[in-house]
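Here are some notes to read alongside the model, written as numbered points. They begin with a single residue and then widen to the sheet beside it.

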Amino acid sequence: MSATSRDMPSERRFTGRHLLYLLLGFFGVMLVANAIFIWLALDTFTGVSSENAYQDGLNYNQRLEAAAEQRSRGWQGTVSHERDRVDLKLVDAAGQPVRGLVLEALFLRPTHDSQDRLIAMTETEPGRYSVSLSLPASGNWDLVIRGYGPDGAPFETRQRLWVE
């Protein structure tokens, strides 16, 4: 008895239709993965680091001039912090305390601007300014202390803190 072509198992061939399905599946998976990554990236970080970046850029030279003026006055500020308090000791070029400044401490969370805090500092003794800490989370914080003296002279210092 001879076998006919109907009785023999048919040979599977790789056709153009198989290639099309493989390519569509591969690029479909890539597209879905990239869409998920884009959604996660936009959901966790908006990309906005300054609401008025253009104006900040225009004012950059003024900030440089103010920093040069502060250096010329010779004011030296030393920031120290404990668990619930931040202190600034400020002396002039002769080592004498700088008195009568109106200062505010801006605590900036590097990762979440919704947790930023602005707190007024008080002069606890001549040349020493303090603020109580009540921050919503532990970790890294950027501290910006800025203000002005009785004669209107500006002061600013920045420091990164680790708060537990």
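1. Where is Arg109 found? In this predicted model, Arg109 is found in the loop between E3 and E4.

2. Is Arg109 buried or exposed? Its relative accessibility is 16%, and because buried means under 20%, Arg109 counts as buried despite its place in a loop.

3. Leaving aside residues up to four places away in sequence, Arg109 touches Gln115 and Asp116, and also Ala137, Ser138, Gly139, Asn140 and Trp141. With one of these, Asn140, there is a polar approach to note, since a polar atom of the Arg109 side chain lies 3.2 Å from the backbone oxygen of Asn140. Leu143 is 34 residues away from Arg109 in sequence, yet the C-alpha atoms of Arg109 and Leu143 are 8.9 Å apart in space.

4. The strands on either side of these contacts deserve a look as well. Strand E3, residues 102-108, runs antiparallel to strand E7, residues 139-148, and 7 bridges join the two. Within that pairing, Leu108 has Asp142 of E7 as its bridge partner.

5. Which strands make up the sheet, and in what order? The sheet is open and has 4 strands in the order E4-E3-E7-E8, with antiparallel pairing. Strand E4 (117-120) and strand E8 (154-163) stand at the edges, and because each has a single partner strand, one side of each is left without a neighbour in the sheet. From one strand to the next, the twist averages 20°.

Methods. Residues numbered from 1 in each chain as written. Predicted model: local features only at pLDDT ≥ 70, side-chain atom pairs only at ≥ 80, totals over all residues. Heavy atoms only, no water. Pairing = 2+ DSSP bridges. Axes fitted to C-alpha atoms, helices over the stretch in contact; angles between N-to-C directions. Buried < 20%, exposed > 50% of the residue type's maximum accessible area, 1.4 Å probe, protein only. Contact = heavy atoms within 4.5 Å. Polar contact = N/O pair within 3.5 Å; in protein donor to acceptor, adjacent residues only side chain to side chain.
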